[in-house]
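Reader: Hi! Could you walk me through this one while I have it open?
Author: Happy to, let's bring it up.

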Amino acid sequence: MTEIGIYADARQVWIVLAAPFAPSVEMSGQEAGQRVLELVNQARAAPRDCGNRAFKAARPVRWNEALAEASRLHAEDMARYNYFSHSGRDGSDPAQRVERAGYHYRVTGENIAAGQRKPEDAVAVWVKSPAHCANLMNPAFTEMGVAFAVDAGSEMGVYWTQAFGTPR
């Protein structure tokens, strides 16, 4: 704790201890990316209901650096400018961002999450969200990349972006 506050009146004394908001992910971006890839492939290995849509087990996806770069740039932008959206501040959509990163796709999709400090927690949020779960289970996707960004000045602290795709 780095801060202390004291309040006293005739009947009680309150002592409040606090620390500044210091979000973190306790692993490197590369380690987190590989962990998310493992977790996504574990999830894809079994049939799953995503909301009211049933999905069969899907083949594993493999890592793609261009998708990871598109993810990194969007996560950093959300963290730096304190917003949470599939639309970029410049009006870009996920498909435009993966193209900018050099990924030529037949199909692409994006998952975002905020506030989670562990890859396991980010993937759990995606699995619970029907639309994000449908992306995760989509058998049309063969590749993915993911990244997180941290900014203590932002509301959520940690921002995750995951891009899926199938190349042309």
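Reader: Let me jump straight in: in S7, which residue is the bridge partner of Trp-63?
Author: The bridge partner of Trp-63 in S7 is Met-144. Keep in mind that we are looking at a predicted model.

Reader: Noted. What is the sense of the pairing between S5 and S7, and how many bridges are there?
Author: S5 and S7 run parallel to each other and are joined over two bridges.

Reader: And Met-144, which residue is its bridge partner in S8?
Author: That is Phe-164. The strands involved are S7, residues 143-150, and S8, residues 158-167, which pair in the antiparallel sense over eight bridges. Another pair there is Phe-148 with its partner Trp-160 in S8.

Reader: What order do the strands of that sheet come in?
Author: The order is S5-S7-S8-S6, an open sheet of four strands with mixed pairing. At the edges sit strand S5 (62-63) and strand S6 (105-114), each of which pairs on one side only.

Reader: How many bridges pair S6 and S8?
Author: Nine bridges, in the antiparallel sense. If you want a residue to click on, Glu-110 has Ala-163 as its bridge partner in S8.

Reader: S6 is an edge strand, so how many of its residues are buried?
Author: Seven of the ten residues of S6 are buried, so the strand is largely enclosed by the rest of the structure. S7 is mostly covered too, with seven of its eight residues buried.

Reader: Which helices lie across these strands?
Author: Helix H2, residues 65-81, lies across S5, S6, S7 and S8, and runs at about 25° to S7. Helix H4, residues 119-128, lies across S6, S7 and S8, at about 65° to S8.

Reader: Let me switch to H5. Why is it described as largely enclosed?
Author: Helix H5 covers residues 130-137, and six of those eight residues are buried, so the helix is largely enclosed by the rest of the structure. The buried ones are His-132, Cys-133, Ala-134, Asn-135, Leu-136 and Met-137.

Reader: What covers them?
Author: The cover includes helix H1 (29-44), strand S3 (48-50) and strand S4 (53-55), along with S6, H4 and S8.

Reader: Arg-48 caught my eye. Where is its place, and which residues does it touch?
Author: Arg-48 is in strand S3. Leaving aside residues up to four places away in sequence, Arg-48 touches Ala-43, Arg-53, Ala-54, Phe-55, Val-127, Cys-133 and Met-137. Two of those contacts, Cys-133 and Met-137, are among the buried residues of H5.

Reader: What is the relative accessible area of Arg-48?
Author: It is 22%, so Arg-48 counts as partly exposed. The cut-off for buried is under 20%.

Reader: How far apart are Arg-48 and Arg-62 in space?
Author: They are 20 Å apart, C-alpha to C-alpha, with their positions 14 residues apart in sequence.

Reader: And Gly-29, which helix does it lie in?
Author: Gly-29 lies in helix H1. Its relative accessibility is 43%, which makes Gly-29 partly exposed. Gly-29 and Ala-68 are 39 residues apart in sequence and 9.9 Å apart in space, C-alpha to C-alpha.

Reader: Quick backbone check: what is the phi of Asn-82?
Author: Asn-82 has a positive phi of about 55°, although it is not a glycine. Most residues other than glycine have a negative phi.

Reader: Where is the place of Asn-82?
Author: Asn-82 is in the loop between H2 and helix H3 (94-100). With a relative accessible area of 38%, Asn-82 is partly exposed.

Reader: Let's zoom out. How many helices and strands does the protein chain have?
Author: There are five helices and eight strands. Along the sequence they follow the pattern β-β-α-β-β-β-α-α-β-α-α-β-β.

Reader: What does the C-alpha trace span, and what share of the residues is buried?
Author: The trace spans about 70 × 35 × 30 Å along its principal axes. Of the 168 residues, 43% are buried.

Reader: Last one: how many positive and negative side chains are there?
Author: The chain has 18 positive and 19 negative side chains, and the centres of the two sets lie 8 Å apart. As for the surface, the chain exposes about 9,400 Å², with carbon and sulfur atoms supplying 52% of it.

Methods:
Residues numbered from 1 in each chain as written. Predicted model: local features only at pLDDT ≥ 70, side-chain atom pairs only at ≥ 80, totals over all residues. Heavy atoms only, no water. Buried < 20%, exposed > 50% of the residue type's maximum accessible area, 1.4 Å probe, protein only. Areas by Shrake-Rupley, 256 points an atom, 1.4 Å probe, with all protein chains shown as cover. Lys, Arg positive; Asp, Glu negative; His and termini not counted. Charge placed at Lys NZ, Arg CZ, Asp CG, Glu CD. Pairing = 2+ DSSP bridges. Contact = heavy atoms within 4.5 Å. Axes fitted to C-alpha atoms, helices over the stretch in contact; angles between N-to-C directions.
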